[in-house]
Amino acid sequence: MSNEATPSVETAAAGSGSIASLIDHTLLKPEAGEADVLKVCAEAAEYHFKSVCVNPIWVKTVKKALKGTGVLTCSVVGFPLGATPTDVKTFEARGAVLDGADEVDMVINIAAARAGDKGALIEDISAVAEAVHASGAILKVIIETALLDDARKVLACEAAVEAGADFVKTSTGFNGGGATAEDIALMRRAVGPDLGVKASGGVRSLEDAQAMIAAGATRIGASSGIAIVKGEQGSSSY
């Protein structure tokens, strides 16, 4: 389980340099090619982002490109719908960590969450967590906040904790909505002080990122990472 505690107000008020180390620099567009992926890797190395997050086909490429930079390799599982069987998500997770992923972001069974089926959520998440942790990687669980009411958001967060996840994460950025400070605060209360909380989806500026961190986020997922650290306004939706 993650030991990333809630940042202090002082951290939230800090400049872009400290926030860069909390950003997962993200490229999940299905049409992205190798040149696009390598560009993101170079940016992550230059700005000292926490990780580069890509679709599974690019994990080997990213791992090689980031060697020696200190930037982690992150990939996604069951993305972006979460509507694949648990054994498929588990197979995908094993493949990602075998290819070099240090972190895996999985999408939950959203239908189970909406139905209030906590047992199904725990079963889904725990199987993936076991596969990810076996290789020393960490697991972030995307609950897709835009599709859940507050009670179901809390249910999904509780399931992630019980299943042994390291983080909960707001959104894919592909199913409407995105991160809000209110959802981050709700998720932080649900998981307690020790689990990581990742704000992802529509975080486009330094002000956005600081608001999420002040609310309890310990990681920011964004394709606007450079705009964030430069104090500018990004335009991407995820």
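Contact here means heavy atoms within 4.5 Å. The structure described is a predicted model.

The chain contains 11 helices and eight strands. Its C-alpha atoms fill a box of roughly 45 × 35 × 30 Å along the principal axes. For 238 residues, a compact globule would be expected to have a radius of gyration near 18 Å, and the value of 16 Å found for the chain agrees with this. Buried residues account for 53% of the 238 residues. Among contacts with a separation of 6 or more, 70% are between residues 24 or more positions apart. The accessible surface of the chain is about 9600 Å², and carbon and sulfur atoms contribute 54% of that area.

Lys-198 lies in strand 7, which spans residues 196-200. With a relative accessibility of 0%, Lys-198 is classed as buried, since the cut-off for a buried residue is under 20%. Leaving aside residues up to four places away in sequence, Lys-198 touches Asp-24, Asp-105, Lys-140, Phe-167, Val-168, Lys-169, Thr-170, Ile-184, Arg-219, Ile-220 and Gly-221. Two acidic side chains in this set form polar contacts with the side chain of Lys-198: that of Asp-24 at 2.7 Å and that of Asp-105 at 2.8 Å. Lys-198 also belongs to a network of salt bridges, in which it is linked with Asp-24, Glu-103, Asp-105, Lys-140, Lys-169 and Arg-219.

Side chains of opposite charge can pair when their charged atoms come close. The structure holds 16 salt bridges. One of them joins the side chains of Asp-102 and Lys-63, with an N to O distance of 3.0 Å. Asp-102 is located in the loop between helix 5 (86-99) and strand 4 (103-107), and Lys-63 in helix 4 (residues 59-66), so this pair ties together parts that are 39 residues apart in sequence. Both ends of the bridge are partly exposed, Asp-102 with a relative accessible area of 24% and Lys-63 with a relative accessibility of 32%.

A salt bridge is also formed by the side chains of Asp-124 and Lys-89, at 2.8 Å from N to O. Asp-124 is in helix 7 and Lys-89 in helix 5, so parts 35 residues apart in sequence are tied together by the pair. Asp-124 and Lys-89 are both buried; the relative accessibility of Asp-124 is 3%. Helix 7, where Asp-124 lies, covers residues 118-133. When residues up to four places away in sequence are not counted, Asp-124 touches Thr-86, Lys-89, Met-106, Val-107, Ile-108 and Asn-109.

In a further salt bridge, the side chains of Asp-183 and Lys-153 meet at an N to O distance of 2.7 Å. Here Asp-183 comes from helix 9 (residues 181-191) and Lys-153 from helix 8 (residues 150-163), so the pair ties together parts that are 30 residues apart in sequence. Asp-183 counts as buried at 9% relative accessibility, and Lys-153 counts as buried at 8%.

Helix 4, which contains Lys-63, has buried and exposed residues on opposing sides. The buried residues of helix 4 are Val-59, Thr-61, Val-62 and Leu-66. These cover an arc of only 160 degrees around the axis, which places them on the same side of helix 4. An α-helix has 3.6 residues a turn, so residues three or four places apart point the same way. On the other side of helix 4, Lys-60 and Lys-64 are exposed. The cover over the buried residues of helix 4 includes helix 3 (34-47), strand 2 (51-54), strand 3 (72-77) and helix 5. Just after helix 4, Gly-68 adopts a positive phi of about 85 degrees.

Technical notes
Residues are numbered from 1 along each chain as its sequence is written. This is a predicted model: local features need pLDDT of at least 70, side-chain atom pairs count only at pLDDT 80 or more; totals for chains, interfaces and linings use all residues. Side-chain values use heavy atoms; hydrogens and water are left out. Helices (H or I, at least four residues) and strands (E, at least two) are DSSP runs, numbered from the N terminus. Buried means under 20% relative accessible area, exposed over 50%, partly exposed in between (1.4 Å probe, protein chains only). A salt bridge is a side-chain nitrogen of Lys or Arg within 4 Å of a carboxyl oxygen of Asp or Glu. The radius of gyration is taken over C-alpha atoms; the globule rule is 2.2 Å times the number of residues to the power 0.38. Accessible areas come from the Shrake-Rupley method with a 1.4 Å probe; for residues, only the protein chains shown count as cover. The arc is that of the directions from the helix axis to the C-beta atoms. A polar contact is a pair of N or O atoms within 3.5 Å; within protein, one must be able to donate a hydrogen and the other to accept it, and residues adjacent in sequence count only if both atoms are side-chain atoms.
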